[in-house]
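Subject: Structure handover

Hello,

The structure we discussed is below, for you to take over. My notes on one part of the fold follow it.

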Amino acid sequence: MDSPEGVRISGNELSDRYGAFTLGRQQGSNQYYKEAIAPEVEPLRMMLIPAGSFLMGSPADELDRRDNEGPQHEVSLSQFFMSKYPVTQAQWQAAAALPEVNRELESNPSRFKGEQLPVERVSWYEAVEFCDRLTLHTNRQYRLPTEAEWEHACRAGTTTPFYFGESITTDLANYQGTDNESLGWSGSYGDGPNGEYREKTTPVGQLDTPNAYGLCDMHGNVYEWCQDHWYDNYEGAPTDGSAWLTDNEGAGRIIRGGSWLSIPELCRSAYRPYYYPVSRSHNLGFRVSCVAPRALA
């Protein structure tokens, strides 16, 4: 894989399990590698998310906090990679052409059409199939992020409702920035201003507001599937960043990040609704994670 301004990483562990690849740098210390799915398609840019501990959930005094966002608890994670953007329609179509693992994939499921728009209207099972196909194609273990990984990556060291700070604007993210008086919805959050309501997805990275880990579109545009099953709160939640699962295959799966259809309070770093794994919606997509090889530790 090529990567501008890259540094060659070597070592038996890395070569045997992953094949040699190049880590590039962007915005100072952000490291990444590029994962090609098909020659004519923009590769996934996999950002290195550093190991560390963070407080998961929201503090009791956060504006518009939900009870299911607590209790806050410390989580410690190993480093991993996460895609800079949600999976695009072009990347989805490339994966849909790869050999099937467990289920068929519709090549063009999205309501809003465009190669660089995030893919949407894909179920949790179909997002997992994308990861499985990519794993076979690359010999690297791709998967959906756990809920803890997602929040750690989104916060990128911040403790505010958004990685931008205490508020959010539609110059920074794609969400419903106008008031809806009939439903009592506000297009602003805290002291922030109202903005526009685009009423559709936008090309990934169009607003170009990456967080400290180099990730874009973590607030708004499309909700993103996580591995975890739904629990009403964090009582008894894992503290090592692993997925929190039940024995119920049909259990709701956590989604994160808000969407183009969401009011700003639903785009907060800690907000955590769920959809059932068979659900498909035009405001729901995903991004992928990959475990960092031990050679990079």
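Two strands are taken as paired if DSSP finds at least two bridges between them. In that sense Tyr 223 stands opposite Leu 284 in strand β12. Please keep in mind that this is a predicted model.

The sheet

Strand β9 (residues 223-229) and β12 are joined by 2 bridges and run parallel. On the sheet they belong to, helix α3 packs with contacts to β9 and β10, and the direction of α3 makes about 90° with that of β9. β9 is also joined to β10 by 3 bridges, and these two run antiparallel. Within that pairing, His 229 has Arg 253 of β10 as its bridge partner. β10 in turn runs antiparallel to strand β11 (residues 274-275), with 2 bridges between them. Arg 253 appears here too, with Tyr 275 as its bridge partner in β11.

Taken together, the order is β11-β10-β9-β12, an open sheet of 4 strands with mixed pairing. β11 and β12 (284-285) are its edge strands, each pairing on one side only.

The side chains of β10 (residues 253-256) alternate: Arg 253 and Ile 255 point one way, Ile 254 and Arg 256 the other. Are these residues buried or exposed? All of them are buried, the two arginines included.

The helix

α3 covers residues 124-138, which is 15 residues. From first C-alpha to last it reaches 21 Å, close to the 21 Å expected at 1.5 Å a residue. Of its 15 residues, 11 are buried, so the helix is mostly covered, with buried meaning under 20% relative accessible area. Among the buried ones are Trp 124, Tyr 125, Phe 130 and Leu 134, but also Glu 126, Glu 129 and Arg 133.

What do the buried residues of α3 pack against? Besides β9 and β10, their neighbours are β3 (30-35), β4 (44-49), α2 (89-96) and β8 (142-143). Just after the helix, Asn 139 takes a positive phi of about 60°.

Cysteines

The structure holds 0 disulfides. Cys 226 has a relative accessible area of 0% and is therefore buried. Cys 267 is likewise at 0% relative accessibility, so Cys 267 counts as buried. In α3, Cys 131 is among the buried residues.

Regards

Methods
Residues are numbered from 1 along each chain as its sequence is written. This is a predicted model: local features need pLDDT of at least 70, side-chain atom pairs count only at pLDDT 80 or more; totals for chains, interfaces and linings use all residues. Side-chain values use heavy atoms; hydrogens and water are left out. A disulfide is a pair of cysteine sulfur atoms within 2.5 Å. Buried means under 20% relative accessible area, exposed over 50%, partly exposed in between (1.4 Å probe, protein chains only). The expected span of a helix is 1.5 Å times one less than its number of residues. Contact means heavy atoms within 4.5 Å. Axes are lines fitted to C-alpha atoms, for helices over the stretch in contact, and angles run from 0 to 180 degrees between N-to-C directions.
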